[in-house]
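Open your viewer and keep the selection tool at hand. We will take one helix pair together, then step back to the whole chain.

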Amino acid sequence: MNDKIKVLFLDIDNTLLDFDAAAAWAMEQCFQKAGLEYKSEMFAAFTEENNKIWQADGVEMEKEFRILLNLSAVPVDGAEEILTYLKEKDYCLCAASNGPYGQQINRLKKVDMLKYFAHCFVSEKVGADKPGKAFFDGCMKELPGVCPEECMMIGDSLTADITGGRAYGMSTCWYLPSVEKYKEEKLKSGKPADYIIHDLLELKKIL
């Protein structure tokens, strides 16, 4: 157990909420509304080349997609159980996310997760993006008396979450559900985080 940690920064997309699943659902709804056939492989193309997928229906479909994305939220397996556990352990839980503030708050509300967080630090409201120092500076202003060494950044992004948290002096926990991807990244990076987990419930062994 890590006794010095008091504050946990938790990424939202693809850590607590399955952003890819929500985005795929929103895209399918958009295609259906436009009378177009949707195939699951289109989402893979979207993630790489967003500007090409919309074609003639581009602007309107993009607007509709973002509205639907604001309404959709799919929890990652174990997310609610681990939040309950961490809250009961008296950690100060802080959501830490890039993106539009209203969208992220609405998505947490939709799955009844907002109640777990003492603070929701979202880049639009903080005025800076992860992994920049300015993002973490903005967060720490709201946590008087807390130093980076008493914080842990937990997330799926090696750059935004892990590199950012580590550079700021926080402990880091990299959530990487794909074991194969972990093997690939490990070859490139050595040990990029203090802890690496493949299931959110593994946090019980750390905290």
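Start by selecting Lys 133, Phe 136, Asp 137 and Met 140 in α8, then add Gly 164, Gly 165 and Tyr 168 in α9: these are the residues through which the two helices meet. Colour them by character and you get three nonpolar, two polar and two charged residues. Keep in mind as you look around that this is a predicted model.

Next, show the helices themselves, residues 133-140 for α8 and residues 158-168 for α9. How do their axes cross? The axes come within 10 Å, at an angle of roughly 65 degrees. Because angles of 65 to 115 degrees count as roughly perpendicular, α8 is roughly perpendicular to α9. The crossing of α8 and α9 is right-handed.

Now stay on α9 and select its buried residues: Ala 160, Asp 161, Ile 162, Gly 164, Gly 165 and Tyr 168. What do they pack against? Add α8 and the strands β4 (151-155) and β5 (171-175) to the view, and you have the partners of these buried residues. Then move just past the helix to Gly 169, which follows α9 and has a positive phi, near 100 degrees.

Finally, zoom out to the whole protein, with its eleven helices and six strands. Of its 207 residues, 45% count as buried. If you draw the contacts between residues at least 6 apart in sequence, 65% of them join residues at least 24 apart. Switch on the accessible surface to finish: about 10500 Å², with 51% belonging to carbon and sulfur atoms.

Note on methods. Residues are numbered from 1 along each chain as its sequence is written. This is a predicted model: local features need pLDDT of at least 70, side-chain atom pairs count only at pLDDT 80 or more; totals for chains, interfaces and linings use all residues. Side-chain values use heavy atoms; hydrogens and water are left out. Helices (H or I, at least four residues) and strands (E, at least two) are DSSP runs, numbered from the N terminus. Buried means under 20% relative accessible area, exposed over 50%, partly exposed in between (1.4 Å probe, protein chains only). Contact means heavy atoms within 4.5 Å. Accessible areas come from the Shrake-Rupley method with a 1.4 Å probe; for residues, only the protein chains shown count as cover. Axes are lines fitted to C-alpha atoms, for helices over the stretch in contact, and angles run from 0 to 180 degrees between N-to-C directions. Angles under 35 degrees count as roughly parallel, over 145 as roughly antiparallel, 65 to 115 as roughly perpendicular and the rest as oblique. A crossing is left-handed if the near helix is turned anticlockwise from the far one by less than a right angle, and right-handed if clockwise. Ala, Val, Leu, Ile, Met, Phe, Trp, Tyr, Cys and Pro count as nonpolar, Asp, Glu, Lys and Arg as charged, and the others, Gly among them, as polar.
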